[in-house]
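Biologist: I'd like a close look at one part of this protein, the place where the ligand sits. Could you walk me through it slowly, as you would for a first-year student?

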Amino acid sequence: MSKAEFVVVANRLPVDRSGDGEGDDAWRRSPGGLVTALEPVMQSEDGAWVGWAGGADLTLDPFEFDGMLLVPVPLSADEVELYYEGMSNDTFWPLYHDVISEPRYRRVWWDAYVKVNRRFAEAAAGAAEQGATVWVQDYQLQLVPAMLREIRPDLTIGYFHHIPFPAYGLYSQLPWRRQVLEGLLGADVVGFQRVADAGNFARAVRRVFHYQTKATGIEVPQADGTTRVALAKAFPISIDTASYVELAQRPDIRARAAEIRESLGNPRKILLGVDRLDYTKGIQHRLKAFGELLEDGRLAVEDVTLVQVASPSRERVAAYIQLRDEIELKVGRINGDYDTMGHTAIRYLHQGFPREEMVALFLAADVMLVTALRDGMNLVAKEYVATRADNRGVLVLSEFAGAADELASAIRVNPHDIDGLKDAIMRAVEMPAGEQGRRMRAMRRKVIENDVAAWSKSFLTALRGAKKASQ
Ligand code: GDG
């Protein structure tokens, strides 16, 4: 196998299987900003991407795709259940999102997590050229940085954490809190979404190991008596802004947006929520606030419709099965109480849509509701802003989403405060065009300047700097 100067390691490869296709048609690029962000680096540096191809018990040889070398890591059906659905999605995910749902701590899940992380580390070690740069992505692979450093001390290793890192009071519940911190500290740069996440991580390291943390990074003692520096810092992720701006200008997509409004009965205002169906996204709080506004008579079903896209997610994890039932009960009740023959209160769609349709929805929506209870960043907020070239539209944004640090001109909400959320929705619905313009312009400037290419560039620059400093 040829070796790469730049290697990305992520739970998933950036491709999906397309039907039973063979050869060149067997794979399709999966949608998502990470691939787009990393593509230029991948092409210019002969990059490789190490990840699971999806599906159980699938052993595949490395293959070329779009100028990248893809290195599939196999998972057995048991490992999908224990490492992925269990440890990743039923332990780390709820724990790191402030225990909104109760994390389960199961030793068999942990054992599988360790074993699978080692497999990823070995695959990355096998794909990397001498002195290469390896960039590990996200909470499924927190042990990989240290495991990889042990096998290949010559590598420069970066890690980016896409979800929040919780305060120590919660993090300390984790029975394997030492091992996970040790795993992450194997990286030269540990990147987080928010300054607060990086701070929580550094505090956890101080509490558990009593290591010194300085402005330059955390001093990690090595077996030979020397110290290595690991930098923990915020690098807020973004979107491929230009591609959203472009889609939003396409005449067919603009026509589709008008058609969507029409098919909803041309309500005066359309409110929109777009989320993976996940308990972190605050969908229930949003529905509660909207239902009460109808009940109070502050909104009328003839004037306002809420479109809620809840794309199917983690459908085999118990907490998600229950959440879906709760949401659908609530939607059914609200629609049952307030729908008329010609108008619906909530148009609920438990479906995934192509990106073009998502952009048409963004264009059709007067108000975007992002009411996450906890969210690393929330790209949907940035995507909505990117598509609003006419500077109209209002973003209601939870202060618990990472995006709130940059999108300061949104209407900021605490989604737990239902009265506050109701008032914010009313303010958004009634906001004069001039104020919409002022706020949207400021937010668009941010999203255009700080796109996902700028994000990957700043991370990789920090990584190069960290390596130089340690030489
Ligand atoms: C994690 C962190 C962090 C959703 N439904 C459809 C669809 N989407 C797209 C959205 C957006 C993406 O999926 C979701 O990204 P988010 O950032 O909103 O949330 P998570 O999936 O939880 O992502 C998060 C992110 O990682 C990146 O670091 O921001 O905090 O939790 O792009 O538009 N896209 C299409 N059809 C759908 O039905 N095409």
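To start me off: which polar backbone atom is 2.8 Å from an oxygen atom of the ligand?

Modeller: That one belongs to Met377, whose polar backbone atom is 2.8 Å from a ligand oxygen. Before we go on, keep in mind that this is a predicted model. Gly376 also brings a polar backbone atom to the ligand, 3.0 Å from an oxygen atom there. A nitrogen atom of the ligand has a partner too: a backbone N or O atom of Phe353 lies 2.5 Å from it. With those contacts in mind, look at how the ligand is covered: on its own it has 730 Å² of accessible area, and the protein covers 81% of that.

Now let's widen the view to the whole shell. The ligand is surrounded by 20 residues, and the closest are His162, Phe353, Asp375, Leu379 and Glu383. Phe353 is the residue whose backbone we just met at 2.5 Å from a ligand nitrogen. If you sort the shell by type, you get 8 nonpolar residues, 7 polar ones and 5 charged ones.

Where does this shell come from? The chain splits into domain 1, which is made of 4–237 plus 453–470, and domain 2, which runs over 241–449. Their C-alpha centres are 31 Å apart. Where the two domains touch, 18 residues of domain 1 and 24 residues of domain 2 take part in the contact. Both domains also give residues to the shell, so the ligand lies between them.

Next, the helices. Two of them, α12 (355–364) and α13 (379–387), each supply at least two residues of the shell. The biggest giver is α13, with 3 residues. It's worth spending some time on that helix. Of the 9 residues in α13, 8 are buried, so it is mostly covered, buried here meaning under 20% relative accessible area. The buried set is Val380, Ala381, Lys382, Glu383, Tyr384, Val385, Ala386 and Thr387. You'll recognise Glu383 from the list of residues closest to the ligand.

What do those buried residues pack against? There are helices among the partners, including α8 (241–249), α12 and α15 (433–449). There are strands as well: β13 (269–276), β16 (367–370) and β17 (394–398). The N-terminal end of α13 has a cap, Asn378, with a side-chain oxygen 3.1 Å from the backbone nitrogen of Val380.

Over to α12, the other helix that supplies at least two shell residues. Pick out Met358, which is found in this helix. Met358 counts as buried because its relative accessibility is 16%, and the cut-off for buried is under 20%. Setting aside neighbours within four places in sequence, Met358 is in contact with Val274 and Phe353. So you're back at Phe353, one of the residues closest to the ligand.

Met358 is also handy for getting a sense of distance. Asp154 is 204 residues from Met358 in sequence, and their C-alpha atoms are 44 Å apart in space. You can try a second pair: Arg149 and Ala360 are 211 residues apart in sequence and 46 Å apart, C-alpha to C-alpha.

Let's follow that second pair to Arg149, which is found in helix α4 (residues 144–151). Arg149 is buried, with a relative accessible area of 13%. Apart from neighbours within four places in sequence, Arg149 is in contact with Leu155, Ile157, Gly186, Ala187, Asp188 and Arg228.

Just ahead of α4 there's a loop that begins after β7 (128–137), and Asp138 lies in it. Asp138 has a positive phi, near 80°, and is not a glycine. In general, most residues other than glycine have a negative phi. Asp138 is buried too, at 11% relative accessible area.

Asn266 also has a positive phi, about 45°, without being a glycine. You'll find Asn266 in the loop between α9 (251–263) and β13. Asn266 is partly exposed, with 46% relative accessible area. And β13, at the end of that loop, is one of the elements the buried residues of α13 pack against, which brings you back to the helix that gives the most to the ligand's shell.

Terms used
Residues numbered from 1 in each chain as written. Predicted model: local features only at pLDDT ≥ 70, side-chain atom pairs only at ≥ 80, totals over all residues. Heavy atoms only, no water. Near = heavy atom within 4 Å. Polar contact = N/O pair within 3.5 Å; in protein donor to acceptor, adjacent residues only side chain to side chain. Areas by Shrake-Rupley, 256 points an atom, 1.4 Å probe, with all protein chains shown as cover. Helix = DSSP H or I, 4+ residues; strand = E, 2+ residues; numbered from the N terminus. Nonpolar A, V, L, I, M, F, W, Y, C, P; charged D, E, K, R; others polar. Domains from an automatic or database assignment. Buried < 20%, exposed > 50% of the residue type's maximum accessible area, 1.4 Å probe, protein only. Contact = heavy atoms within 4.5 Å.
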